[in-house]
Amino acid sequence: MAEKMEGKRRKKAAAVVAVALVAVVCAAVAGAFAMGVLAPPDAAAKYGDFEYVTEPEVTEYIQTYKEQMGYGKASDEEWATFLAAYNMTPERLRASTIDQLVTDKLVKKRCDELGIAVTDEEVDQYEQSYKDAYASGSDKIWAQNMAQYGQTEEGFRAGARLTLQKQKLCEAEVKTPEVTDDQVKQTIATCIDARIASEQSLTLKHTYCFRKSKSSKAGSLKEREEVQKIRDGLLAVGPSEESFASIVELYSDDAALKERAGSNGWNVDVSTYSQEYVSALEKLGDGDVSPVLADDDGYYFLWVSHTYALPKDSDKAAKINLDKMPEALRSYFRDCAAYEQWQNASKEYLATITSGVNVIYYDMPADVPYNVDMGLAKAPEEVTR
């Protein structure tokens, strides 16, 4: 009986020792993972508590970048020369890519914590805006453009979702700063330089627009004549904010214009206007009314209610008396300046989102497709590409 009891005690003691050893081993393994000594086989870097950036993620990001820069099929010599021109090496490019991927992952994590979501409809709208701008709205041309730059539909939408997440996160976390008059004047100076560079007039114009829809894309002479009579009636009474608002309310079927009483704002940002609109506006002076114009959707005409001449030299923007600038135009430039400051603050916020996060970089595998012998790089004077 005593022998049986002694045997049980020995088994129990052995079990306790075994459990203790397992605990020690588990703690050692966990510590090794935490220190970055051990990691999943495909890990490129570790950050936070057991969170990783994988080699396939890094490779995909860099390969897409190569395609977008026109080096998707480049020789080793061409790729090395490209990297050298930007003081980069495969190792540095990999490290900066890991930093970006860590930032992106932390953005997504922070969005989840705050309950910030991006809907499929928002991604659809984002993608459509790019299709309209770069592919004339054509799905076929859009697909060709993406293929040319090594992008896929899935990849583009993932990038679009991330961009929208960053925007929403900044909107939630970054306050719009108050701007000074000097900052407003600097925004005006930038506007002057941009208009000079694009050969746009430095005389800004505030326009009103009357529009009536066509019954078909072709329209009709009768519909044009109806709009012509409305224009002639406006000229008979004299164009003013009140008379223009009246004709828009009575005869226009454009809900957005009705809501604004026909006001179409200042032409500081012409990207909101069609090319026909811009061309017609260029010919109008203060108080002028345009002829009846047409596009695919309707017949319309414009009235220039106010003009404001910007200085011919951006250096003179600092001397502008903002109090003498039309209120709506002053508000526009102030809003632009505030948005610029908010964008800068948002960039700083995103740059510091990894603050305090320890990133452990693992050695770059020699066989990754973006690795290249930098000794192949040509000197700048040898480059003919």
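These are my notebook entries on the sheets, pockets, one aromatic pair and one loop glycine of this structure, which is a predicted model.

**Entry 1, the sheet of 4 strands**

I began with the open sheet of 4 strands and read its order as 4-3-6-5, with the pairing antiparallel. Strand 4 (263–266) and strand 5 (293–294) stand at the edges with a single partner strand each, so one side of each has no neighbour in the sheet. I then followed the pairing of strand 3 (residues 203–213) with strand 6 (residues 298–309), which is antiparallel and runs over 11 bridges. As a point of register I noted K205, whose bridge partner in strand 6 is T307.

Next I looked up what packs on this sheet. Helix 10 (residues 241–251) does so by touching strand 3 and strand 6, and its direction makes about 25° with that of strand 3. Helix 12 (residues 275–282) also packs on the sheet, where it touches strand 3, strand 4, strand 5 and strand 6, and I recorded an angle of about 50° between its direction and that of strand 6.

**Entry 2, the sheet of 3 strands**

I turned to the open sheet of 3 strands, which has the order 2-1-7 and antiparallel pairing. Its edges are strand 2 (51–54) and strand 7 (359–361), and because each has a single partner strand, one side of each is left without a neighbour in the sheet. From one strand to the next I noted an average twist of 25°.

For the pairing of strand 1 (residues 43–47) with strand 7, I found the antiparallel sense and 3 bridges, and in strand 7 the bridge partner of A45 is Y361. Helix 2 packs on this sheet through strand 1 and strand 2, and its direction makes about 45° with that of strand 2.

On the other side of the pairing list, strand 1 and strand 2 are antiparallel over 4 bridges, with Y47 standing opposite E51 in strand 2. The two strands form a hairpin with 3 residues between them, and I noted that G48 in the turn has a positive phi of about 60°.

**Entry 3, the largest pocket**

I asked which residues lie nearest the centre of the largest pocket. They are T64, Q151, G155, A158 and G159, out of a lining of 30 residues, and the space in this pocket comes to about 1,200 Å³. The elements that each supply at least two residues of the lining are helix 2 (55–68), helix 4 (90–114), helix 5 (120–135), helix 6 (139–148) and helix 7 (153–173). Helix 7 gives the most, with 9 residues. Sorting the lining by class, I wrote down 13 nonpolar, 10 polar and 7 charged residues.

**Entry 4, the second largest pocket**

For the second largest pocket I noted about 240 Å³ of space. Its lining is made up of T163, K166, Q167, C170, E171, Y339, W342, Q343, S346, K347 and L350. Helix 7 and helix 13 (327–351) are the elements that give two or more residues to this lining, and helix 13 gives the most, with 6 residues. By class I recorded 4 nonpolar, 4 polar and 3 charged residues.

**Entry 5, an aromatic pair**

I then went through the aromatic rings and found a count of 18 pairs. I examined the one formed by Y130 and F156, which is edge-to-face, with 5.6 Å from centre to centre and 65° between the planes. This pair links distant parts of the chain, since Y130 belongs to helix 5 and F156 to helix 7, 26 residues apart. Both helices had already come up in my third entry, as contributors to the lining of the largest pocket.

**Entry 6, a loop glycine**

Where does G219 lie? I located G219 in the loop between strand 3 and helix 9 (221–237). Leaving aside neighbours within four places in sequence, I found G219 in contact with K214 and Y299. I also looked up G219 and G298, which are 79 residues apart in sequence while their C-alpha atoms are 7.5 Å apart in space.

Notes:
Residues numbered from 1 in each chain as written. Predicted model: local features only at pLDDT ≥ 70, side-chain atom pairs only at ≥ 80, totals over all residues. Heavy atoms only, no water. Pairing = 2+ DSSP bridges. Contact = heavy atoms within 4.5 Å. Axes fitted to C-alpha atoms, helices over the stretch in contact; angles between N-to-C directions. 1 Å grid on protein atoms, 1.4 Å probe; cavity = no way out; pocket = protein on both sides within 12 Å on 5 of 7 lines; lining within 4 Å. Points joined across faces, edges and corners; volume = space filled by probe spheres on them. Nonpolar A, V, L, I, M, F, W, Y, C, P; charged D, E, K, R; others polar. Phe/Tyr/Trp six-rings, centres within 6.5 Å; stacked < 30°, edge-to-face > 60°.
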